[in-house]
Amino acid sequence: MAAVIQTNRVLECEGLACPLPVVKTKKTIEDMNSGEVVEVRATDKGSVADLRSWAKRTGHQYLGLREESGVFRHFIRKSSENETKPEVKYPHTVSNEELSKKLESGEKIKVLDVREPAEYVFQRIPGAISVPLGELEQKIAGLNPDEEYYVVCRTGTRSDMACQTLAERGFSKVKNVVPGMSGWDGRTEQD
């Protein structure tokens, strides 16, 4: 029998895609007291990596995850003021238009797509490498830190987190593509 986890708030994010579960969690946490726990219920598989990464970047404690019937139940404890960190955006960005021009000119560019596999299969930039954000830590050894990478997701949020992770691991030629696939009007391919 599973132990009952005491929560102070429940945040319903079922049916919402990135970046909304993180945005709503951030807003909810701001209104809570240190030490309180929020349960975030989401159906977006990407929320698993997104919320863990957001908690790590901001200093809040990601307690764990339970999955029940396709609903991911995330448990996050609000840290005290001296434990939290200001949220930082990755500073090196490129617009969709800039990336599209580089691709059209024939430049040899590595596009790293950090969306979930289902998103990647149905629409991606031709030649993009699929490494979902939740798998980046395990697959980072397969990437070359001397290569230049243009990192893309649906809205620029997940790719921002991926760029920060890559930069922390010594990748100095990384650009976050904004706004990402939600605004991409360049060439695409699918399976």
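The following exchange asks how several descriptions of this predicted model are justified.

User: What makes the local features of this model usable?
Analyst: Because this is a predicted model, local features need pLDDT of at least 70 and side-chain atom pairs count only at pLDDT 80 or more, while totals for chains, interfaces and linings use all residues. Residues are numbered from 1 along each chain as its sequence is written, and side-chain values use heavy atoms, with hydrogens and water left out.

User: Why is the protein called as compact as a globular protein of its length?
Analyst: The radius of gyration, taken over C-alpha atoms, is set against the globule rule, which is 2.2 Å times the number of residues to the power 0.38. The protein has a value of 17 Å, close to the 16 Å that the rule gives for 191 residues, so it is as compact as a globular protein of that length.

User: How do you know that α2 reaches close to its expected length?
Analyst: Helices (H or I, at least four residues) and strands (E, at least two) are DSSP runs, numbered from the N terminus, and the expected span of a helix is 1.5 Å times one less than its number of residues. Helix α2, residues 47-58, has 12 residues and reaches 16 Å from its first C-alpha to its last, close to the 16 Å expected.

User: Why is α2 described as largely enclosed?
Analyst: Buried means under 20% relative accessible area, exposed over 50%, and partly exposed in between, with a 1.4 Å probe and protein chains only. In α2, 10 of the 12 residues are buried, so the helix is largely enclosed by the rest of the structure. Its cover, judged by contact (heavy atoms within 4.5 Å), includes α1, β2, β3, β4 and α6.

User: What makes a group of residues a nonpolar core?
Analyst: The term is used for a set of buried Ala, Val, Leu, Ile, Met, Phe, Trp, Tyr and Cys residues joined through side-chain atoms within 4.5 Å. The largest has 31 residues, of which L112, V151 and L166 touch the most other members, and a second, separate core of 12 residues includes V94, V111, Y150 and W184.

User: Why are β5 and β7 said to stand at the edges of the sheet?
Analyst: Two strands pair if DSSP finds at least two bridges between them. Five strands form an open, parallel sheet in the order β5-β9-β8-β6-β7. Both β5 and β7 have a single partner strand, so one side of each is left without a neighbour in the sheet. The pairing of β5 with β9 is parallel and runs over three bridges, and S95 has V178 in β9 as its bridge partner.
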